[in-house]
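Open the model in your viewer and keep the selection box handy. This tour goes stop by stop, with salt bridges as the theme.

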Amino acid sequence: MYLSNEMALSFPSKSANESFARVSVAAFAAQVDPTVEELAEIKTIVSEAVTNAVVHGYRETSGVVHIKAKLYTDSFASKIVITVKDSGTGIKDIKQALEPCFTTGSDDRAGMGFTIMQSFTDKFRISSSEGKGTTVLMEKTIVRRS
């Protein structure tokens, strides 16, 4: 596969910007003709990652959320690689954070964000340092239909 296109976004850590991020990445991904279901999954993983950065990464403060998306293609498939990064509080225990229903947020949070991201991607990786932030990398393959 070769890199066919890429994009980058940076925006303030405001909840209102979650929908902007979601539709921006979906519009970028649309150029490889994903199914409606694949596009919905891309929107969902971006939404979950950005929400985590805003709600958990920056908590009581504000900062900047960075998104990079890259498209790789060949004659059989395309792959979108999405990275969402914050410079917020970081995650103390990644293994615990990956447990379904675990949350450091308020009672209205389900704690399913990472679980959803993992289930809708082919590859999922998270790196984090306390006080320095978190980076989530997600890959999804889109098979060409003839």
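**Stop 1: a lysine and its partners**

Select Lys79. At 23% relative accessibility it counts as partly exposed, because that class runs between the cut-offs for buried (under 20% relative accessible area) and exposed (over 50%), with a 1.4 Å probe and protein chains only.

Before moving on, note the ground rules. This is a predicted model, where local features need pLDDT of at least 70 and side-chain atom pairs count only at pLDDT 80 or more, while totals for chains, interfaces and linings use all residues. Residues are numbered from 1 along each chain as its sequence is written, and side-chain values use heavy atoms, leaving out hydrogens and water.

Now add Glu139. Its side chain meets that of Lys79 in a salt bridge, at 3.7 Å from N to O. Lys79 sits in strand β3 (residues 77-86) and Glu139 in strand β5 (residues 133-143), so this pair links distant parts of the chain, 60 residues apart; strands here are DSSP runs of E, at least two residues, and helices are runs of H or I, at least four, all numbered from the N terminus. A salt bridge means a side-chain nitrogen of Lys or Arg within 4 Å of a carboxyl oxygen of Asp or Glu.

Is Glu139 buried or exposed? It counts as buried, because its relative accessibility is 15%.

Add Lys123 next. Lys123 also forms a salt bridge with Glu139, with the closest N and O atoms 4.0 Å apart. This pair again links distant parts of the chain: Lys123 is in strand β4 (residues 123-129), Glu139 in strand β5, and 16 residues separate them. Lys123 is partly exposed, at 36% relative accessible area. Show the three residues together: Lys79, Lys123 and Glu139 are linked in a network of salt bridges.

**Stop 2: along strand β5**

Select Thr135, also in strand β5. Thr135 counts as partly exposed, at 21% relative accessibility. Which residues does Thr135 touch, beyond those up to four places away in sequence? Pick out Thr83, Val84, Lys85, Arg125, Ile126 and Ser127; contact means heavy atoms within 4.5 Å. Then draw a C-alpha to C-alpha distance from Thr135 to Asp86: 6.6 Å in space, 49 residues apart in sequence.

**Stop 3: a helix pair**

Jump to helix α1 (residues 17-29) and select Glu18 and Arg22, four residues apart, about one turn of the helix. Their side chains meet in a salt bridge, 2.5 Å from N to O. Glu18 counts as buried, at 15% relative accessibility. Arg22 counts as partly exposed, at 24%.

Last, zoom out. A search of the whole structure finds four salt bridges.
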